[in-house]
Amino acid sequence: MGKSRKSYADRKPPVPSDSHADIEDWIQRGVMPDMHPIVKRVDEVIRETIPGLQYAIKWKQAYYGLPERGWIIEMAAFAVSVNVAFLGGAEFDPPPPLGTTDRSRYVKLTTPEEAQGPQMHEWVRQAGHVPGWK
């Protein structure tokens with residue numbers, strides 16, 4: 001059995017940057033090529049929906065945040081799926097379907113179409129309006 005994941009309260013948050021370059025580098029170097037279309041589409045949806053973002057890469061994951069709200073979205077790419085965690089997602093209406101740790105909830109994406117669906121847009125929109133992880 002694998003070790004349990006630490007809650008956000010037990011971890012030190014990433015250092016924010018106003019530059020999207022680290023995310024672009026992570027996509028090119030750290031994401032399996034098959035997952036590029038999904039990751040790129042999620043990244044576009046986030047950047048199109050939420051103005052004033054800050055970015056970071058930590059623990060081989062991409063983070064999106066706002067200075068006044070903290071880290072609001074975490075994206076992790078695996079061999080066959082991309083997990084998009086909304087760090088205040090428990091407060092969404094409706095919340096994303098997966099996760100029970102702290103206030104975060106997530107969705108597992110396996111196609112670019114899922115990344116651009118109306119529910120995904122709505123969760124990203126809501127992420128910009130609730131407190132995240134500081």
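The questions below concern the sheet and two helices of a predicted model. Local features need pLDDT of at least 70 and side-chain atom pairs count only at pLDDT 80 or more, while totals for chains, interfaces and linings use all residues. Residues are numbered from 1 along each chain as its sequence is written, and side-chain values use heavy atoms, with hydrogens and water left out.

Q: Which strands stand at the edges of the sheet?
A: Strands here are DSSP runs of E, at least two residues, and helices are runs of H or I, at least four residues, both numbered from the N terminus. Two strands pair if DSSP finds at least two bridges between them. The open sheet has the order β1-β2-β3-β4-β5 with antiparallel pairing. A single partner strand leaves one side without a neighbour in the sheet, so the edges are β1 (54–58) and β5 (105–109).

Q: Which residue in β4 does M75 stand opposite?
A: Strands β3 (residues 70–77) and β4 (residues 82–86) run antiparallel and are joined by five bridges. Opposite M75 in β4 is V84.

Q: How are α2 and α4 oriented to each other?
A: Axes are lines fitted to C-alpha atoms, for helices over the stretch in contact (heavy atoms within 4.5 Å), and angles run from 0 to 180 degrees between N-to-C directions. The axes of α2 (residues 36–49) and α4 come within 9 Å and cross at roughly 50°. Angles under 35 degrees count as roughly parallel, over 145 as roughly antiparallel, 65 to 115 as roughly perpendicular and the rest as oblique. The two helices, α2 and α4, are therefore oblique.

Q: Which strands does helix α4 lie across?
A: Helix α4 (residues 118–127) runs at about 40° to β4. The strands it lies across are β3, β4 and β5.
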